[in-house]
Amino acid sequence: MPARDHSELLAHYRTLPAAQRRAIAAEASPELRGQLVRVEKQIAMDRSPGALAAVLTGGREMQAPHLDLIDQAFIDMAEGRADRVMLTMPPRHGKSRRASRWAPLWYLRRNPGHRMMIASYSSDLADDHGRWIRDALITWGDELSIHLKPGSSAANRFDIDGGEGGLLAAGIGGGLTGRGAHIAIVDDPVKDMADADSPTMRKRAWDWWTSVLQTRLEPEGAICLIQTRWHEDDLAGRILATERDAWRVIDLPALADSPDDPLGRAAGEPLWPERFDTAHHAKTRKRVGERVWGALYMQKPRPPEGGVWQRAWIDSARINAVQFSGLDMARIVVAVDPAGGESTVGDETGIIGVGRDFDRHLYLLADRSGSMGANDWGLAACRLALELKADAIVVEKNYGGDMARQVITQAWEQLRRDGITRGLLMPMVLEVTAKVGKRLRAAPVAQLYEQQLVHHVGDYTELEDQMVTWVEGMDSPDRMDAAVHGLTELADPDQLDTLPASTHDDRFDGRR
């Protein structure tokens with residue numbers, strides 16, 4: 001058969017279903033069969049990043065159901081069915097190798113005229129991905145049918161021969177100058193827990209995300225964010241808080257914990273049992289602790305339970321309004337923690353009412369927290385002070401500065417003009433400057449709960465959920481911080497005996 005006829009046959013062969021292709025191969029001459037084998041390899045490499053990896057490595061590249069999900073996400077981005085994809089899964093489960101190496105290689109083979117970008121927490125890590133892809137093009141260029149442009153072979157930037165396609169790699173915070181991207185991959189935008197806990201580093205990543213990366217996309221471009229979760233306000237967390245509906249989220253915890261698991265796993269089933277079974281995860285959980293386990297492995301930076309507080313301490317000391325009505329309060333205060341900082345998670349103003357009886361027991365009386373501006377929280381705090389007959393309003397001034405006192409004073413004056421204060425004097429304003437770590441402030445109050453000295457009068461679901469899920473290192477939510485401020489104000493100093501003697505946070509400076 002002439003070579004020209006082979007070419008026509010091979011082009012037609014590619015369009016046929018697998019059964020027909022097998023029938024043709026069975027009848028083909030040895031010469032044609034050899035050409036059909038090469039075409040089959042091309043068809044297989046076109047199928048998915050995982051299939052391309054299997055062909056080029058002779059089947060040595062690992063495959064698993066969760067890697068199939070990554071493959072499908074890139075297929076959908078390449079074919080225009082998805083433009084925002086978020087992949088969250090534990091470390092050492094192959095996400096970066098598949099999504100930041102094999103997938104870009106697969107995409108560039110299919111679209112040699114397109115540009116890709118890869119960004120990671122450091123330029124070195126991004127360059128490692130770029131170097132791997134570049135070396136793969138050098139090693140398998142003939143099989144892939146694409147080659148590097150002569151003179152363009154830097155690890156962080158290279159071009160594909162014969163067109164405008166190529167790849168650019170950079171670190172988070174760095175520039176992405178030059179051409180735009182048809183697909184941008186952001187892999188591991190957070191270096192470690194220290195960076196995740198730093199509001200400055202989280203703001204740096206968010207500013208880069210909004211002002212740099214988003215401006216480099218082509219009109220029909222797509223973004224894939226690949227992340228192990230570190231913090232509830234990390235890059236993935238902030239995106240989920242602001243534009244969840246725009247994203248396809250593939251959330252894969254180490255152990256299934258949802259009836260909507262993307263892989264249909266039963267509760268407690270491991271993500272990759274062939275490599276990491278349940279026993280392995282149990283050992284890992286014990287080694288790394290609850291915070292790391294909840295964040296990095298379960299993709300839930302705020303674990304279900306296991307924080308500084310225990311729910312049983314709250315439940316066992318809870319009383320109802322009837323029981324409280326027979327008690328006399330020595331003092332009542334309203335505590336305010338204004339929304340502040342760079343986090344989109346702690347974006348409420350905490351407004352909590354607390355009291356103390358003559359036997360040194362403490363009572364949580366009200367939670368009027370919510371998202372509100374300065375004027376609104378000032379009015380809400382003053383109204384609660386009137387309702388509870390509070391003698392003081394305790395307010396954290398870290399983010400409000402000198403404005404905190406002014407906000408309360410102006411709100412009280414507005415209520416006075418409206419005749420709501422009924423001639424009562426404004427409560428004392430006690431400003432708190434929180435200079436010590438969140439745990440150092442929370443732990444002494446948590447001990448009072450453990451000793452059954454703090455009673456919630458009724459149920460406060462949101463506040464209590466925040467308490468029992470907060471662990472050391474997290475940004476503490478404003479409801480919880482307000483409760484800690486108020487209870488610290490009312491507790492006798494010798495009750496707070498877990499506070500280190502070396503701690504100075506000006507709590508009692510200037511008090512009467």
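## Report on a predicted single-chain model

The protein chain has 19 helices and 13 strands, and the coordinates discussed here come from a predicted model. Of its 512 residues, 52% count as buried. Among contacts between residues at least 6 apart in sequence, 72% join residues that are at least 24 apart.

### The largest pocket

The largest pocket holds about 500 Å³ of space. It is lined by 25 residues, and those closest to its centre are Arg92, His93, Gly94, Lys95 and Ser96. Two elements, α6 (95–110) and α7 (123–144), each give two or more residues to this lining, and α6 gives the most, with 5 residues. Sorted by class, the lining of the largest pocket comprises 10 nonpolar, 5 polar and 10 charged residues.

### Three arginines compared

The table sets out where three arginines are found and how accessible they are.

| Residue | Location | Relative accessibility |
|---|---|---|
| Arg92 | loop between β1 (84–88) and α6 | 63%, exposed |
| Arg134 | helix α7 | 16%, buried |
| Arg360 | loop between β9 (350–357) and β10 (362–367) | 34%, partly exposed |

Arg134 counts as buried because its relative accessibility, 16%, falls under the 20% cut-off. Leaving aside residues up to four places away in sequence, Arg134 touches Leu148, Ser153, Ala154, Ala155 and Phe158. The C-alpha atom of Arg134 is separated by 9.3 Å from that of His147, which lies 13 residues away along the chain.

Arg92, which is among the residues closest to the centre of the largest pocket, counts as exposed because its 63% relative accessibility is over the 50% limit. Its backbone is also worth a look, since most residues other than glycine have a negative phi. The phi of Arg92 is near 65 degrees, a positive value, and Arg360, likewise not a glycine, has a positive phi of about 70 degrees. Arg360 counts as partly exposed, because 34% lies between the 20% and 50% limits.

### Aromatic rings

How many aromatic pairs does the structure hold? There are 6 aromatic pairs in the structure, and ring pairs link Trp102, Trp132 and Trp140 into a cluster. By residue number, Trp102 falls within the span of α6 (95–110), while Trp132 and Trp140 fall within that of α7 (123–144). A further tryptophan, Trp272, has the charged end of Arg275 sitting over its ring, 5.1 Å from the ring centre.

Definitions and conventions: Residues are numbered from 1 along each chain as its sequence is written. This is a predicted model: local features need pLDDT of at least 70, side-chain atom pairs count only at pLDDT 80 or more; totals for chains, interfaces and linings use all residues. Side-chain values use heavy atoms; hydrogens and water are left out. Rings of Phe, Tyr and Trp (its six-membered ring) pair if their centres lie within 6.5 Å; planes under 30 degrees apart count as stacked, over 60 as edge-to-face and the rest as tilted. A charge sits over a ring if NZ of Lys or CZ of Arg is within 6 Å of the ring centre and within 35 degrees of the ring normal. On a 1 Å grid over the protein atoms alone, a cavity is a set of points where a 1.4 Å probe fits but cannot get out, and a pocket is an open set with protein on both sides within 12 Å along at least five of seven lines; lining residues have an atom within 4 Å of a point. Grid points are joined across faces, edges and corners, and a volume is the space filled by probe spheres set on the points. Helices (H or I, at least four residues) and strands (E, at least two) are DSSP runs, numbered from the N terminus. Ala, Val, Leu, Ile, Met, Phe, Trp, Tyr, Cys and Pro count as nonpolar, Asp, Glu, Lys and Arg as charged, and the others, Gly among them, as polar. Buried means under 20% relative accessible area, exposed over 50%, partly exposed in between (1.4 Å probe, protein chains only). Contact means heavy atoms within 4.5 Å.
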